[in-house]
Amino acid sequence: MAMIPSFFNNRSQDIIFDPLFSFDPFKDFPFPSSSLVPRENSAFINTRIDWKETPEAHVFKADLPGIKKEEVKVEIEDDRVLQIRGERSVEKEDKNDTWHRVERSSGKFLRRFKLPENAKIDQIKAGMENGVLTVTVPKEEVKKADAKKTVEISG
């Protein structure tokens with residue numbers, strides 16, 4: 001009979017959850033680990049953005065809690081690159097305050113996405129509601145090449 005490691009067992013006493021265990025799924029990637037990034041730069045890593053494509057548009061959604069729309073810039077630059085940037089301010093400190101834990105990130109963030117050829121750059125819309133930025137990039141129909149084209153042979 002083969003031994004099955006305990007972590008594959010369904011018994012509840014074998015399941016251990018340690019909230020202090022620091023798992024970094026990006027440790028082997030060529031950018032700094034979140035545990036090594038100074039606090040003032042951590043907002044860059046924590047800015048999560050979803051990109052979905054519908055039949056009509058490309059839709060980007062970014063969670064930006066505590067940031068006003070005036071503090072966010074959405075721009076198109078250099079050959080169809082969507083850039084979303086801003087800054088989350090550090091909370092003011094009072095000498096009478098005692099901090100027990102600081103987990104909310106602050107600092108500048110910047111995300112860039114190369115838009116596909118079917119993006120209508122001149123019709124992009126952005127809105128912000130309840131701390132969520134939504135950028136909608138309408139799509140245009142890309143002309144398909146003829147399925148069959150005859151090439152003339154010279155000579």
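## Aromatic cluster

Two rings of Phe, Tyr or Trp count as a pair if their centres lie within 6.5 Å; planes over 60 degrees apart make the pair edge-to-face, planes under 30 degrees apart make it stacked, and the rest are tilted. In this predicted model, ring pairs of that kind join W51, F60 and F113 into a cluster. The structure holds 3 aromatic pairs.

W51 and F113 are one of these pairs. Their centres are 5.9 Å apart. The planes meet at 80 degrees, so the pair is edge-to-face by the cut-off of over 60 degrees. W51 sits in strand β1, residues 49-53, and F113 in strand β5, so the contact ties together parts 62 residues apart in sequence. Burial varies within this pair. W51 is partly exposed, at 39% relative accessible area. F113 is buried, at 12%.

F113 also pairs with F60. Here the centres lie 5.1 Å apart and the planes are 50 degrees apart, which gives a tilted pair. F60 belongs to strand β2, residues 57-63, so this pair links F60 to F113 in β5 across 53 residues of sequence. F60 is buried, with a relative accessibility of 0%.

## Overall build

The protein has 1 helix and 7 strands. Read from the N terminus, the order is α-β-β-β-β-β-β-β. The chain counts 155 residues, of which 23% are buried.

Contacts across the sequence feature strongly in the count. Among contacts with a separation of 6 or more, 56% involve residues 24 or more positions apart. The exposed surface comes to about 13400 Å², and carbon and sulfur atoms supply 52% of this area.

## The three-stranded sheet

β3, β4 and β5 form an open sheet, in the order β3-β4-β5, with antiparallel pairing. β3 (72-77) and β5 (107-114) are the edge strands, each paired on one side only. Neighbouring strands in the sheet are turned by 15 degrees against each other on average, direction ignored.

β4 covers residues 81-88. This strand pairs with β5 in the antiparallel sense over 8 bridges. Within that pairing, I84 stands opposite R111 of β5. Strands of a sheet pair through backbone hydrogen bonds, either parallel or antiparallel.

## Nonpolar core

The largest nonpolar core holds 15 residues. Which members touch the most others? They are F60, L64, V72, I84, L133 and V135. Two or more core residues come from each of β2, β4, β5 and β7 (132-138). β7 gives the most, with 3 residues. F60 thus appears both in this core and in the aromatic cluster.

I84 also has contacts well beyond its sequence neighbours. Leaving out residues up to four places away, I84 touches I49, V72, K73, V74, F109, L110, R111, L133 and V135. V72, L133 and V135 in that list are also among the core members that touch the most others. R111 in the list is the residue opposite I84 in β5.

## An unusual backbone angle

N130 is not a glycine, yet its phi is positive, at about 55 degrees. Where does N130 lie? N130 is in the loop between β6 (125-129) and β7. N130 is exposed, with 75% relative accessible area.

Notes
Residues are numbered from 1 along each chain as its sequence is written. This is a predicted model: local features need pLDDT of at least 70, side-chain atom pairs count only at pLDDT 80 or more; totals for chains, interfaces and linings use all residues. Side-chain values use heavy atoms; hydrogens and water are left out. Two strands pair if DSSP finds at least two bridges between them. Helices (H or I, at least four residues) and strands (E, at least two) are DSSP runs, numbered from the N terminus. Axes are lines fitted to C-alpha atoms, for helices over the stretch in contact, and angles run from 0 to 180 degrees between N-to-C directions. Rings of Phe, Tyr and Trp (its six-membered ring) pair if their centres lie within 6.5 Å; planes under 30 degrees apart count as stacked, over 60 as edge-to-face and the rest as tilted. Buried means under 20% relative accessible area, exposed over 50%, partly exposed in between (1.4 Å probe, protein chains only). A nonpolar core is a set of buried Ala, Val, Leu, Ile, Met, Phe, Trp, Tyr and Cys residues joined through side-chain atoms within 4.5 Å. Contact means heavy atoms within 4.5 Å. Accessible areas come from the Shrake-Rupley method with a 1.4 Å probe; for residues, only the protein chains shown count as cover.
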